[in-house]
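Visitor: I've just opened this one and don't know my way around yet. Could you take me through one part slowly, and show me how it sits in the rest?

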Amino acid sequence: MYEVFISFKNKENNDNLTEDSKIAERIYAELKSRGIEVFFSNHEIEEQGESRWRKSIDKALDEADTLVLVGTSLENINSPQVVYEWEDIFMEEIISRKKPDGRIIGYFDGIDRGICPTKLQ
């Protein structure tokens with residue numbers, strides 16, 4: 001069962017990894033070294049198969065009590081998949097009290113928190 005879900009934009013439009021992805025990889029490694037069960041899509045989807053990626057993400061979002069949102073730009077935080085993870089699913093479960101102990105931790109590099117979506121401020 002996952003304790004933490006790491007949400008980040010993985011690739012740029014040119015198919016290169018984003019800086020967010022590189023930061024998320026370091027966060028994943030640190031949390032795993034501390035014995036924390038972490039969902040990090042770059043590893044988990046590879047292990048579970050890409051054809052099941054949405055189901056894998058939804059299951060992990062349901063299990064985790066903590067979502068770490070990694071962002072180096074407002075554009076990345078607002079990308080459709082990232083918004084789906086942190087706002088459409090996770091935040092809604094906190095608000096509806098399905099996750100009364102749920103929390104979102106933002107790791108923002110180069111972003112003024114004041115310009116982030118209101119729910120993240």
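Let's start with the big picture: among contacts between residues at least 6 apart in sequence, what percentage join residues at least 24 apart? After that, I'd love a close look at helix α1: which of its residues are buried?

Guide: Happy to. One thing to keep in mind is that you're looking at a predicted model. On your opening question, the figure is 66%: that share of the contacts between residues at least 6 apart in sequence joins residues at least 24 apart.

Now a quick map before we zoom in. The protein has five helices and four strands, and from the N terminus on they come in the order β-α-β-α-α-β-α-α-β. Its radius of gyration is 14 Å, close to the 14 Å that the globule rule gives for 121 residues, so the protein is as compact as a globular protein of that length. If you'd like a box to picture it in, the C-alpha trace spans about 35 × 35 × 30 Å along its principal axes. Buried residues account for 41% of the 121. What's left open to the outside is an accessible surface of about 7,000 Å², with 46% of that surface belonging to carbon and sulfur atoms.

Let's walk up to your helix from the N-terminal side. Between β1 (4–7) and α1 there's a loop, and Lys 11 lies in it. With 37% relative accessibility, Lys 11 counts as partly exposed. Leaving aside residues up to four places away in sequence, Lys 11 touches Asn 16, Leu 17 and Thr 18. For a sense of scale, compare Lys 11 with Leu 120: they are 109 residues apart along the chain, yet 22 Å separates their C-alpha atoms.

Then comes α1 itself, which takes in residues 19–33. That makes 15 residues, and the helix reaches 21 Å from its first C-alpha to its last, close to the 21 Å expected at 1.5 Å a residue. The buried ones you asked about are Asp 20, Ser 21, Ile 23, Ala 24, Ile 27, Tyr 28 and Leu 31. Try looking straight down the axis of α1: these buried residues fall within an arc of 160 degrees, so they line one face of the helix. Now turn to the face pointing away from that buried side, and you'll find the exposed residues Arg 26 and Ser 33.

Follow the helix to its end and there's a pairing to spot. Glu 30 forms a salt bridge with Arg 34, with 2.6 Å between the closest N and O atoms. In general, side chains of opposite charge can pair when their charged atoms come close. Glu 30 is partly exposed, at 38% relative accessibility, while Arg 34 counts as exposed at 59%. Just after α1, Gly 35 takes a positive phi of about 80 degrees.

That pair is one of six salt bridges found in the whole structure, so let me show you another before we stop, because it ties together parts that are 36 residues apart in sequence: Asp 62 in helix α3 (residues 53–63) and Lys 98 in the loop between α5 (80–95) and β4 (103–108). Their side chains meet at 3.0 Å, N to O. Asp 62 is partly exposed at 39% relative accessibility, and Lys 98 is exposed at 52%. Lys 98 also meets Glu 93 in a salt bridge, here at 3.6 Å. Glu 93 is buried, with a relative accessible area of 11%. Through shared partners, salt bridges join Asp 62, Glu 93, Lys 98 and Lys 99 into one network.

Back on α3, you can look for the kind of pattern we traced on α1. Its buried residues are Ser 56, Ile 57, Ala 60, Leu 61 and Glu 63. They cover an arc of only 165 degrees around the axis, which puts them on the same side of α3. The face turned away from that buried side carries the exposed residues Lys 55 and Lys 59.

One last stop is in the loop between α5 and β4, where you'll find Arg 97. Arg 97 has a positive phi of about 70 degrees although it isn't a glycine, and at 68% relative accessibility it counts as exposed.

Technical notes:
Residues are numbered from 1 along each chain as its sequence is written. Side-chain values use heavy atoms; hydrogens and water are left out. Helices (H or I, at least four residues) and strands (E, at least two) are DSSP runs, numbered from the N terminus. The expected span of a helix is 1.5 Å times one less than its number of residues. Buried means under 20% relative accessible area, exposed over 50%, partly exposed in between (1.4 Å probe, protein chains only). The arc is that of the directions from the helix axis to the C-beta atoms. A salt bridge is a side-chain nitrogen of Lys or Arg within 4 Å of a carboxyl oxygen of Asp or Glu. The radius of gyration is taken over C-alpha atoms; the globule rule is 2.2 Å times the number of residues to the power 0.38. Contact means heavy atoms within 4.5 Å. Accessible areas come from the Shrake-Rupley method with a 1.4 Å probe; for residues, only the protein chains shown count as cover.
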